[in-house]
Structures are given as C-alpha cells and as structure tokens.
Amino acid sequence: MIAFQKDLAIVYPDLEAIPEDKLEDSPWSFSPDRSGGHTFLCIRWSAVDAAVPIIFEIALKHNLVVYDPQDDEVYVSNELFDASPQP
C-alpha cells in the first residue's frame, strides 16, 4: 500500500503540495486519505476520465484490490486472481 501511495503521489500530489495556480491540474476534490491498509480517493468529476485509468494502472501494478463505489465494482490484479479451473 505504501509503495502505491508513493507512486500515486508522484503522478498526482496532494492538494497541499500544489501551488494554488495549478490546483485545476489535480484530479483531487480532496487530498487522498491514507493508512497502511487503505487509500481513499475523492476525484473531481471533470478529471475522472483522465485520472482513473492511471490510478488503476498504479494500483494493479502493486497488486491492490480497487473498489469503485460509483459503479459498485471491484477490480483485482491478474496476479491476485487466477480464473483458470483448479484440478
């Protein structure tokens, strides 16, 4: 989780780390809420199409499970989920 949070902050820093004249470049409506076990993201509607694929790419690279409450969908890295039949 920590590696994901660090990689995400490189691409999309917290609002507090962005100069005021660049805030519109951020996808966040609020800075991410972090702990060792979760990252809660509030994304501006106008930034969803550009930001979500990048966020998912970073999350799945780190083998994290992603829950999208707007679609009520769960996304899992292929490395965590093997759908092939088991003997």
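What share of the contacts in the protein chain with a separation of 6 or more comes from residues 24 or more positions apart? The figure is 36%. Keep it in mind as you move around this model, which is a predicted one.

**Stop 1: the whole chain**

Start with a cartoon view of everything. You should be able to pick out two helices and four strands, arranged along the sequence as α-β-β-α-β-β. Now switch on the surface: the protein chain exposes about 6200 Å², and carbon and sulfur atoms supply 56% of that area. Of the 87 residues, 22% count as buried.

**Stop 2: the nonpolar core**

Hide the surface and select Phe4, Leu8, Tyr12, Trp28, Ala51, Ile55, Phe56, Ile58, Ala59, Leu64 and Val66 as sticks. These 11 residues form the largest nonpolar core. Colour them by element of secondary structure, and you will find that helix H1 (2–11) and helix H2 (48–61) each give at least two residues to this core. H2 provides the largest share, with five residues.

Next, centre the view on Leu8, one of the core residues. Leaving aside residues up to four places away in sequence, Leu8 touches Pro13, Trp28, Leu41, Ile55 and Ile58. Keep Leu41 on screen for the next stop.

**Stop 3: the largest pocket**

Select Leu41 together with Val66, Tyr67, Asp68 and Pro69. Among the 22 residues that line the largest pocket, these lie nearest its centre. The pocket has a volume of about 670 Å³. If you colour the lining by class, expect 17 nonpolar, three polar and two charged residues. Strand S2 (39–43), H2 and strand S3 (66–68) each contribute at least two residues to the lining. Val66 may look familiar, as it also belongs to the largest nonpolar core.

**Stop 4: Phe40**

For the last stop, select Phe40, which sits in strand S2. Is this residue buried, partly exposed or exposed? Phe40 has a relative accessible area of 48%, so it counts as partly exposed; the exposed class begins over 50%.

Show the surroundings of Phe40 too. Not counting residues up to four places away in sequence, Phe40 touches Pro32 and Asp33. To finish, draw a distance from the C-alpha of Phe40 to that of Tyr67: the two are 27 residues apart in sequence, and the line should read 9.7 Å.

Conventions:
Residues numbered from 1 in each chain as written. Predicted model: local features only at pLDDT ≥ 70, side-chain atom pairs only at ≥ 80, totals over all residues. Heavy atoms only, no water. Core = buried A, V, L, I, M, F, W, Y, C linked by side-chain atoms within 4.5 Å. Buried < 20%, exposed > 50% of the residue type's maximum accessible area, 1.4 Å probe, protein only. Contact = heavy atoms within 4.5 Å. Areas by Shrake-Rupley, 256 points an atom, 1.4 Å probe, with all protein chains shown as cover. 1 Å grid on protein atoms, 1.4 Å probe; cavity = no way out; pocket = protein on both sides within 12 Å on 5 of 7 lines; lining within 4 Å. Points joined across faces, edges and corners; volume = space filled by probe spheres on them. Nonpolar A, V, L, I, M, F, W, Y, C, P; charged D, E, K, R; others polar.
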